Amino acid sequence: VRRLRSADSLSLSAPLRLCLSACPVQGNFLLSTMSTSNGLSSSCRVEYLVTYAGALVGKGEHARAIAYYRQALQNCEIHARKLTGSGGFSLSLPFQGQQKSGGGDLEETEAAIKFEVAKCHMALNSPRAALAELETVSSRYRTLPLLLTLAKLYRVNGYERAAASTYRECLRLCPYAVEAWIALAELGLKLEELQGILSQHFSNGDQNAAKPGGGHEAASSWDLQSWISRFIKCHKLKRADEVEKSAVSLSSFIRVFPNNVHLLLELGQTHCMAGNYREAVSCFQHVRNVDNACMDKMDHYALALNATNNVVELNRLTHDLMRINNRKPETWVAASLYWDAKEDRLRALSYAEKGLRLDDTLAMLHLLKGNLCLKLNRPDSAVSSFRKAQTLEPNISAFEGLSKAYTAYRKHKEALVTAREAVRLMPTSTKALM
């Protein structure tokens, strides 16, 4: 502390920064030193504030962290006014990784801080505030992680065109960003359009750049471009509710990439959509054997257990998810389905609503709430729930539920419009046509 008081411009050493990021109490002394050191440079003030805010994030105090990140941004603005037209904002923030030679860039630093603010808003279940924060970042300083988060936020908030455009920008930066390919497929881009984007990023000379080995199929048939093309097609088939074809395609991938958690989860979800719940249970059990702490798509596993009347295993899954992370929405889907299986609808609804208060971006929670509201004869609430599910994940279950809710609400015209929209988006789906 004496060293800090006597220094005019002191950047934190790596060991001290590590200590402060893990020990918020020391951070209080750091901030006190900052307030009494009038000659401390703006870059050091930003570094101190950001380091302390990071420690608060580690404690789960996201709202409090946002306040200190805001102070850091204010100091960036002060520095910009003082040094307009000159360079030299030398700063190494804990989340920026390796610093470039010649010092940091002021706008790049602001972008990194705003990204941290947005992540705090997301942790507080405020996707609109997070989106507003990231939209202020200049396109020049939007990194791949920032762009992927921005695209996800556009999608969650219902701005599908902006989401698609942002995912395209992700692929411009990194054509290997599989999450962006999946999202574009799920957003409804035509397969021909996706293949056109693919050909822009992978020339014929690059097609054989990477080949997975150790599979049962010939490596020549799994060059990089055809690999991504097949992978996109799996998700396109699933979105079009051609679940049987999607399941066959995913199975061929699993033969090449055995024990791949993502592929097994996708196959389990696809079986759920097809109504093959026993096969779905088998896939999810395989996933839990590979990774017993996996939370992704455990809501679909709970649905499959409920559909097969396996209440004992559903109860066990609920307790496991509570132990792993009781702040994930999948946990509350499992709990809600358990009480629905026990025919305690009101308690099931309360658990679904608790999950939505934690994170309202999981489509399954909205579907579950909508179905529970229908069982409780609350068609108006069911309509709003199914609409939100349809926005987040426009699958056949959302359209089917919304159509039923409109019918129960005696809005037959709206029910017919919903059914026609389902047929338009999924023209080969048997359920949509029925």
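**Exercise 1. Determine what share of the 434 residues in the protein chain is buried, and describe the chain's overall make-up.**

Buried residues account for 47% of the 434 residues in the protein chain, where buried denotes under 20% relative accessible area, exposed over 50%, and partly exposed in between (1.4 Å probe, protein chains only). The structure is a predicted model, in which local features need pLDDT of at least 70 and side-chain atom pairs count only at pLDDT 80 or more, while totals for chains, interfaces and linings use all residues. Residues are numbered from 1 along each chain as its sequence is written, and side-chain values use heavy atoms, with hydrogens and water left out.

Next, the secondary structure comes to 24 helices and 0 strands; helices (H or I, at least four residues) and strands (E, at least two) are DSSP runs, numbered from the N terminus. Finally, of the contacts in the protein chain with a separation of 6 or more, 54% join residues 24 or more positions apart, a contact being heavy atoms within 4.5 Å.

**Exercise 2. Compare the span of helix α4 with its expected value, then describe its burial and what follows it.**

Step 1. Helix α4 comprises the 17 residues 42-58. The expected span of a helix is 1.5 Å times one less than its number of residues. For α4 this gives 24 Å, and the end C-alpha atoms are 24 Å apart, so the two values agree.

Step 2. Helix α4 is mostly covered, as 14 of its 17 residues are buried.

Step 3. Glycine 60 follows α4 and has a positive phi, near 85 degrees.

**Exercise 3. Classify the packing of α16 against α18 and of α12 against α13.**

Step 1. Helix α16 (residues 298-307) packs on helix α18 (residues 329-341) at an angle of about 15 degrees, with the axes 8 Å apart. Axes are lines fitted to C-alpha atoms, for helices over the stretch in contact, and angles run from 0 to 180 degrees between N-to-C directions. The pair is therefore roughly parallel, given that angles under 35 degrees count as roughly parallel, over 145 as roughly antiparallel, 65 to 115 as roughly perpendicular and the rest as oblique.

Step 2. The crossing of α16 and α18 is right-handed; a crossing is left-handed if the near helix is turned anticlockwise from the far one by less than a right angle, and right-handed if clockwise. Among the residues of α16 that meet α18 are Met298, Ala302 and Leu303, and their counterparts in α18 include Val333, Ala334 and Leu337.

Step 3. The axes of helix α12 (residues 224-239) and helix α13 (residues 243-256) come within 8 Å and cross at roughly 150 degrees. Helix α12 is therefore roughly antiparallel to α13, and the crossing is left-handed. Including Trp227, Phe231 and Leu237, residues of α12 meet residues of α13, among them Val243, Leu250 and Phe253.

**Exercise 4. Identify the surroundings of histidine 300, threonine 318 and arginine 142.**

Step 1. Histidine 300 lies in helix α16 and is buried, because its relative accessible area is 10%. Its side chain makes a polar contact with that of glutamine 269 (3.5 Å); a polar contact is a pair of N or O atoms within 3.5 Å, where within protein one must be able to donate a hydrogen and the other to accept it, and residues adjacent in sequence count only if both atoms are side-chain atoms. Beyond its neighbours within four places in sequence, histidine 300 touches Gln269, Cys272, Phe284 and Met364.

Step 2. Threonine 318, in helix α17 (residues 311-324), is buried at a relative accessible area of 9%. A polar atom of its side chain lies 2.8 Å from the backbone oxygen of leucine 314. Apart from neighbours within four places in sequence, threonine 318 is in contact with Ala334, Ala335 and Tyr338.

Step 3. Arginine 142 sits in the loop between α7 (127-135) and α8 (144-156) and is partly exposed, at 21% relative accessibility. A polar atom of its side chain lies 3.4 Å from the backbone oxygen of glutamate 135. Setting aside neighbours within four places in sequence, the contacts of arginine 142 include Leu134, Val137 and Leu173.

**Exercise 5. Is asparagine 125 buried or exposed, and is arginine 410 buried or exposed?**

Step 1. Most residues other than glycine have a negative phi. Asparagine 125 has a positive phi, near 60 degrees, and phi of arginine 410 is likewise positive, near 60 degrees.

Step 2. Asparagine 125 belongs to the loop between α6 (106-123) and α7 and counts as buried because its relative accessibility is 19%. Arginine 410 occupies the loop between α22 (396-408) and α23 (412-425) and counts as exposed because its relative accessibility is 72%.
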